[in-house]
Amino acid sequence: MDAEMEDAGAQAKIEWDGGGGGADAVLGLAGGGPPVSLCYHQAFGSHDDIVLLEAADDLLPDLLQGRVTVRGRPEEEAVLCTPSATYSMKFVGTSNSMFLIPPGEPSAKCLRPDSTNGDANVVAATIKLAPGSIELVRTAPRLDKLRSLLRERPYILDEDLGNDFEHMKGLYTWQNLCKLIQASDGELLDGLNTLSAVEIDGFWRTVDANSVNTILDMILHNSVLHDWPLNAMPENDVLSVMESDGFTHKIVTHCLNRFGTKVEQEARSFWSLDEKRVCLQFAQRALGAGKMKLANFMDKWERSIPSGMHADLQMLEGEVLCEKLGAETWVHAFSVADLPLAPADRFAALFRERPKWEWKDLQPYIRDLRLPGVSSEGLLIKYTRRTQPSAEAEPIFTAR
């Protein structure tokens, strides 16, 4: 066999004609088939142009049907995406030789190189030698970049994009985002919905905060003028009135969906505004000027919300932080929506804000973290230290 391999190595550039494989004969060994000798095919050559992929059974349908893509910029670590999941790709080398034997008929029987009794045996030919394989591990979609891209050019009421290419900077179509964001299509769409993005003229965009406030104020103003109940606002009437005020159906519908729920009743569509979402929007406005005394904030907030709605601090979990400064309690905006999505970066940002966290304050800022195969408790163990002076005391978390 050594002589055969040396001869094959000298002819590495000979093109393989598709014959002289024998993979079926090798597979037969598992069933107790006759022994098979192995030799290098005369076309055996460089093996750096092929990579093996190790995939679980549940991934095979997507792989075989061509429903996977590899995503990532040249400077990024590549990920493999199915329609609904993202997998990190890590090359794992092996100390054992993995010979690639193509399908096809094995070579004619010949004397085994190590045979001394003249026994004949089938010879299978290998054309490649694989140094390892790519391991796929389910991972969280990398959506931090999506948030930064959408913030480049939020939609502003009455804007004029024009037709000049220069005016398209900072705008991204679905195809653009698929190329730039390392996430499956399903996860990317979920990320867009979480960020309250809307497709406008073919571009996915968030809506500027001031524009959102303007539209919400007009909806609430018209609800008073036209006596629309906030839990049953007739869609056609709302859209018609708002259009006469100069707002497009697309943006009004987007804001209605952002602050309410659509309900079908007797072949008509109505919108019910969500008290928590509407009150949160007014709380964010009240805190726009910065840190405030809690009493002053509550007074300003309660006076700003629509009649019939009630302000409650529990609505602001994950949006504001309270702290004691002397005898006074102060409050300031600190939104989970502005924090990184990667667990390591999220915890680093939290401990920059506060070196110590009580569980009731920390929990709203980490409950959205999703890392396949790792529980919330696992994340706490990995990134925090927990101390609890007594069984009755609130546990305290610090950076690990």
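Which residues does Gln 182 touch, not counting residues up to four places away in sequence? The first legend has the answer, and every view here comes from a predicted model.

**View 1. Gln 182 sits in a loop between two helices.** The loop in question runs between helix 5 (174-180) and helix 6 (185-194). Leaving out residues up to four places away in sequence, Gln 182 touches Arg 71, Gly 72, Glu 76, Glu 77, Ala 78, Val 79, Thr 86, Pro 141 and Arg 142. Take a good look at Glu 77 in that group: its backbone oxygen lies 2.6 Å from a polar atom of the Gln 182 side chain. Is Gln 182 buried or exposed? Its relative accessible area is 6%, and anything under 20% counts as buried, so Gln 182 is buried.

**View 2. Thr 206 is another loop residue, found between strand 10 (203-205) and helix 7.** If you skip residues up to four places away in sequence, Thr 206 touches Leu 150, Pro 154, Tyr 155, Leu 195, Ser 196 and Ala 197. Which backbone oxygen lies 3.5 Å from a polar atom of the Thr 206 side chain? That oxygen belongs to Leu 150. With a relative accessible area of 15%, Thr 206 is buried too.

**View 3. Here is the largest nonpolar core, made of 42 residues.** The members that touch the most other members are Val 252, Leu 273, Phe 297, Trp 301 and Leu 316. Plenty of elements chip in: strand 9 (198-200), helix 7 (209-225), helix 8 (235-244), helix 9 (249-259), strand 13 (268-273), helix 10 (275-286) and helix 11 (294-304) each supply at least two residues. Helix 10 gives the largest share, with 6 residues. The core also draws at least three residues from each of domain 2 (143-206) and domain 3 (209-273). As a general rule, nonpolar side chains in soluble globular proteins tend to be buried together.

**View 4. Now zoom in on Trp 301 and its contacts.** Setting aside neighbours within four places in sequence, Trp 301 is in contact with Cys 279, Phe 282, Ala 283, Ala 311, Asp 312, Leu 313, Met 315 and Leu 316. Apart from the core of View 3 lies another one, of 17 residues, including Leu 321, Leu 339, Phe 347 and Leu 369.

**View 5. Three strands make an open, antiparallel sheet in the order 17-19-18.** Strand 17 (357-358) and strand 18 (384-387) are the edge strands, each pairing on one side only. How many bridges link strand 18 and strand 19 (residues 396-399)? There are 4, in the antiparallel sense. You can trace some of the partners: Arg 385 goes with Thr 398, and Thr 384 goes with Ala 399. Strand 17 and strand 19 pair over 2 bridges, also in the antiparallel sense, and Glu 358 has Ile 396 as its bridge partner.

**View 6. Two helices, 14 and 12, pack around this sheet's strands.** Helix 14 (residues 376-383) packs on the sheet and touches strand 18 and strand 19. Its direction makes about 95° with that of strand 18. In helix 12 (residues 343-353), the buried residues are Pro 343, Arg 346, Phe 347, Ala 349, Leu 350 and Phe 351. What do those buried residues pack against? Their partners are strand 17, helix 13 (359-362), helix 14, strand 18 and strand 19.

Key:
Residues are numbered from 1 along each chain as its sequence is written. This is a predicted model: local features need pLDDT of at least 70, side-chain atom pairs count only at pLDDT 80 or more; totals for chains, interfaces and linings use all residues. Side-chain values use heavy atoms; hydrogens and water are left out. Two strands pair if DSSP finds at least two bridges between them. Contact means heavy atoms within 4.5 Å. Axes are lines fitted to C-alpha atoms, for helices over the stretch in contact, and angles run from 0 to 180 degrees between N-to-C directions. Buried means under 20% relative accessible area, exposed over 50%, partly exposed in between (1.4 Å probe, protein chains only). A polar contact is a pair of N or O atoms within 3.5 Å; within protein, one must be able to donate a hydrogen and the other to accept it, and residues adjacent in sequence count only if both atoms are side-chain atoms. A nonpolar core is a set of buried Ala, Val, Leu, Ile, Met, Phe, Trp, Tyr and Cys residues joined through side-chain atoms within 4.5 Å. Domain bounds come from an automatic or database domain assignment.
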